[in-house]
Each structure stands twice: as C-alpha cells, then as structure tokens.
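Trainee: Please take me closely through one part of this model, and then show me how that part connects to what surrounds it. I would like the reasoning spelled out wherever a cut-off decides the matter.

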Amino acid sequence: MKLIIKTREAEQSCLALLQLCDVVPKLTQIQAHIVKLGLRNNPLVLTKFAATASDLKAVDYASSVLFSPDSDTHLYDAFLFNTIIRAYAQTNHAKHNALWFYRVMVKGGVLPNKFTYPFVLKGCAGVGDLNLGRSLHGSVVKYGFGDDVHVRNTLVHMYCSCGGGVESARKVFDEMPGSDSVAWSAMIGGYVRVGWSSDAVEMFREMQMRGVRPDEVTMVSVLSACTDLGALELGKWVESYIEKEGIQKSVELCNALIDMFAKCGNVDKALKLFRRMSGRTIVSWTSVIDGLAMHGRGEEAVGLFEEMIGDGVEPDDVAFIGLLSACSHSGLVDEGKTYFSMMVERFGCVPKIEHYGCMVDMLCRAGHVKEALEFIRKMPIKPNPIVLRTLISACRAHGELKLGESITKELIRAEPMHESNYVLLSNIYAKMNHWEKKTKTREAMDKKGMKKIPGSTMIELDNEIYEFVAGDKSHKQSKEIYEMVDEMGRKMKRAGYVPTTSEILLDIDEEDKEDALNRHSEKLAIAFTLLNTPPGTPIRIVKNLRVCDDCHSATKFISKIYNREIVTYDPGLHFEDPGLPPPAQPESWGHGVVNHVKHARGPSDAGTMACRKML
C-alpha cells in the first residue's frame, strides 16, 4: 500500500512539474527526475511528457526518450501513442512519423481508438499518399470507427489532400448522415485545391440551402474559389455575407479578402483593407505586392516592399517572388537585379528556381534574350522546363528563331510527352515560314496522342460564369455576338488597329487570318459583355492560356473605343481610358489569377460554351 501511495505521489509530482514546464532545458531536467523516480515506463507520466514536448516543438526529443532501445514499450497504451501521433501530425516537417508510430502501435498489439484515426489521417493528408489513405480507411471500417463524425471529417480532408482522391472524398461526404461545417469546409477546400472552383462555389450554395452555418475556414476557401475564377462580383457578395453573418475575421480571412480583391481587379480595395488591418502578417504584405505586380503597378509594389522592411517585417522567399515579378511586369530591370542581390546578401535567402525564373522572365520581357541565356547558363541549379519555355517564347518574340528552335528540340528530348514543347516548336516553324516542318511537328503530336489545350475565356455576369472557346457558336445570342465582333473590328480599324496576323500559324491568306483572329475566345467574351451590360461597366475576363499579341492589342483599342475598363487574367493587364490613348502597359504574363480552369467533369469541349449558376 505504501509503495502505491509513493508511486502516486511521484506521479503527481512529475505531472505538476510538466504542467509548469515552458522551455526545453526544464523538460530535460524533468526527464531525468522521471527516471530517478522509477517512472520511465509509466504511461500516465510519459503521455504528459510527450504532450508537453509537443507544445515546446520538441517531439523528436520526446520520441527518442520514449522509444529508446531500453524502453519497455509493451506497457504503453493508446493514449500515449495518440499523443505522439498527434504531435507528429501537427508538424510541418515530419508528418510521415505519425504514420510510422501508428504502425509501431498496431504491430505492438495496442488497439487504436476513435481518437487515433483523426491524427493518423491528418498525417496521411500531409504525406499525400492516396493508396495509404485507402488502406487506413479500410482500417477505420475494420475497427468500427466509420460512423464517428470526427473520423469521417478527417477522411474527407485526407482524400481531398491526396492527388486523385477528391471523388473519394465526395463519396465519403455524401454517405455522412449529417455533415457539420467542418466536413463542408473540408470538401469545399478540397475542390479549390484541385482547381474545381466552380464546384466549390456550387457546394457553398448547397451548404447555405441546407442551413449549415459556415465559419471563417469555409469563407477562406470560398474566397480562394472566387480568386481562381476571377469572380469579383461574387467576391464582393462574399465580403457582404461575412459582415452580415458576423463571421469572425481571423487574420487568415482578412488575408483571403485582400488576395481576392488584389487578384480580381480591385487592387485599390485590397490596399484599403490592408491599411485597415491590424496584425498584418507577411502573407498580408505579399498579397498586396502580388496584386500590384500583376496590374503593372511595379513601382508601387517596390514602394510597399520597402515600407514592409521599414516596419520591421523581414521578407521571405515568397515575398521576393512577388517583388521580382513586379519588377518583371513593369520593366524595372535594374531594380530587379538589385533586389535579387539583396535577397542573398542582406536577407540570406537562397534563391529557388522560382526566383531564377522571375529573373529570366524579367530579362526576356525587356528583350534581353542573350543576357537571359547567359543568366541561365550561370545558374547554380538546373533550369526547369518552365524557365526554358520562357526563354523559347522570348526567342520567338524577338526574332532569335534558330536559338529558340535549338532549345525547344533539347526540351522535347527531355520531355517527349509534354504537348506545349511541340506547340512551341510548331509556332517557331510557322514564324520562320517552314510550313512543312510545322506540319511534321503537329503530326508527331498526333502520333503520340497529344492535343493542344483549347484556349477558353470565362466571364462573370449576373452571378453566372460563362465560358467561351474560339469559334464558339453555342450561345443563344451567338448571332448578336458575332455582329458585335464585326462592329468592334470596324471601329478598331478606323482607330488605327492593325491585326497581328503573324499570330495565325497557318499557311492561309491574310483575309482568312483576320477572320480567325476575330473568332478568338476573348473577343467573343468581350462582345457578349458589351451586349449585356450598361455603358461604362467594367469588363473582367479570365483566360486559361496566355493572351496572344493580337488580342492584347485589340483589348486596348476596345477599352478606348467603348470607354470600358478591361481587366484580363491570366495576363493581369489593366486598361483604363477616360479618353486618352491606351496606356503603354508592359506585358505581364504569368503570375495571373487563373492558369488552368478545371471542372469536375473535365474542361469544356471545343465549340461549346459552359454556363454555371453561382449564387
């Protein structure tokens, strides 16, 4: 009896010390005290020891103590294993260890309980292993925890986090008898993560109809969907909904609002929210810098970056990507070179491929193709295909066609199944008027089963998202749209517009080339908007591919002729004309809102127009 009392007193003593422990050195002293008291295999004390270590970011130290060669682990229970698994699942660097200790747990004969699987599944989500996730799902069912709401919620999250698992997530979600806001948020976030933003918005609408109250996590995902879709009006509605429902404005939610406005064409509103925000994070600063960059306001972006440093916020590698992008989009070549050096010398950031890519992009936009090539040759890391494709596009644009041809052939040898490489080579041959070589390149694509991604343009109007592709005639207003396109063409020519027929890479006459240009999806989308909105209404369109030079030029003329503000994404160009000639904006391709729009049922086929009701 005395021994039991002494053991309990020792346990309480250790538990009290661990409760007060706030630094790792104290934790090591307590660990020595635990050993001295003979409690080195006591599950109760060791569970508290592991929890305290986790709070102090010292889980590696705790696991080395708990699972040392001389530890008697057969005494450990599920609560102790759950604590270690949870600690690793919450790390950024070692989520795989959560899965390793789960295996140790099961192999050691310790039965998992309903608290085990949310942590294990979170670890699996971090690893992103779909097959492992399915195996864990099987174990969940085997041990009888398939109906637990927390386990089901984490299953949805896990499947959404693993490549190719979003449909499995939806199956789990649909089988849940009653879904709370956590499950809805996980599913909406999963759709956004894989680029199915239209589905995310539709699901949010369904969530409202079911009477499930969203929280700030839900709204962050919905705002991300708005950003992906370039849906400014929908984003404004979401902001009003947040205010109306009294949803707590966490830092993450404020950042999402700023990012949405910055990337959906209202960067001034983003700046306004940013200035009002208390407790700004590096994400807050970077979101505004990115927004200014993609709207061609590079000098303002640089000024905000300097303000950030002045406020004592140290820039990270992501902030420098935004800054270098701003320099690239605004032609600030000397400034970009200075900041690239500053990143290394002053802030100790090791440049990643993204930073090198920004520098190559900046030099290419400025027409310094040979300097860009020399920069790539001197890079300490191997250039990735994206960097090389940037250089190839610059070679084509600035007449370095032989160099572009040589680099593209090397890229095809390295990536024989990447369709964009063949498209680049085909385009170069067309620019060189080597039509036979161009045809052979396209035939090579066909033999390998590769297809060129069709260009499409999306536009938001009256809470609906419309998607057009080149030559689209499926809309009920098709006749009126093409009549408007013809009217636009006549007015642009009177204003001095000359079609860039070199963009049409076919061996056809000039008149046919002009007709092909008029059928481009962005012109159809703009014509549709001109027909269906009052004069002066801003036009915001989202491209899935880079805008061609002709549509770039035509958009400026349309902005002037019809007195419309036009914002175009992926390029991030911003045209405003109160009666003056269109401003000379640098091309700001890349870094736009949408690079590829994906739908749950695949992209629209050529010749069709997709229309989705949003809210």
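Mentor: Let us begin with helix α9 in this predicted model, where V151, R152, N153, T154, L155, V156, M158, Y159 and C160 are buried. The elements that cover these buried residues include α7 (116-127), α8 (130-142), α10 (166-175) and α11 (181-193). The helix runs over residues 149-161, and its 13 residues, at 1.5 Å a residue, should span 18 Å; since the C-alpha atoms at its ends are 18 Å apart, the two values agree. At the start of α9, a side-chain oxygen of D148 comes to within 3.0 Å of the backbone nitrogen of H150.

One of the buried residues of α9, V156, leads outward from the helix, for it belongs to the largest nonpolar core, a set of 162 residues in which V156, M187, F305 and L391 touch the most other members. In soluble globular proteins, nonpolar side chains tend to be buried together. Taking F305 as a further example from that core, and setting aside its neighbours within four places in sequence, one finds it in contact with I289, P315, F320, L323, Y339 and M342. There is also a second, separate core of 24 residues, whose members include M484, F528, A554 and I558.

The aromatic residues offer another way to read the packing, as the structure holds 25 aromatic pairs. In one of them, F67 and Y76 meet edge-to-face, with 5.7 Å from centre to centre and 90 degrees between the planes. The partners differ in exposure: F67 is partly exposed because its relative accessible area of 22% is not under the 20% that defines buried, whereas Y76, at 3%, counts as buried. Both residues also belong to one aromatic cluster, formed by F67, Y76, F81, Y88, W100 and F101.

A further pair returns us to the second core through F528, which is paired with Y466 in a tilted arrangement, 4.8 Å from centre to centre and with 55 degrees between the planes. Because Y466 lies in strand β2 (residues 464-469) and F528 in helix α29 (residues 521-532), this pair ties together parts that are 62 residues apart in sequence. Y466 is buried, with a relative accessible area of 12%, and F528 likewise counts as buried at 2%.

Finally, an aromatic ring can also face a charged side chain here: R280 lies over the face of F274, at 4.3 Å from the ring centre.

Key: Residues are numbered from 1 along each chain as its sequence is written. This is a predicted model: local features need pLDDT of at least 70, side-chain atom pairs count only at pLDDT 80 or more; totals for chains, interfaces and linings use all residues. Side-chain values use heavy atoms; hydrogens and water are left out. A nonpolar core is a set of buried Ala, Val, Leu, Ile, Met, Phe, Trp, Tyr and Cys residues joined through side-chain atoms within 4.5 Å. Buried means under 20% relative accessible area, exposed over 50%, partly exposed in between (1.4 Å probe, protein chains only). Contact means heavy atoms within 4.5 Å. Helices (H or I, at least four residues) and strands (E, at least two) are DSSP runs, numbered from the N terminus. The expected span of a helix is 1.5 Å times one less than its number of residues. A polar contact is a pair of N or O atoms within 3.5 Å; within protein, one must be able to donate a hydrogen and the other to accept it, and residues adjacent in sequence count only if both atoms are side-chain atoms. Rings of Phe, Tyr and Trp (its six-membered ring) pair if their centres lie within 6.5 Å; planes under 30 degrees apart count as stacked, over 60 as edge-to-face and the rest as tilted. A charge sits over a ring if NZ of Lys or CZ of Arg is within 6 Å of the ring centre and within 35 degrees of the ring normal.
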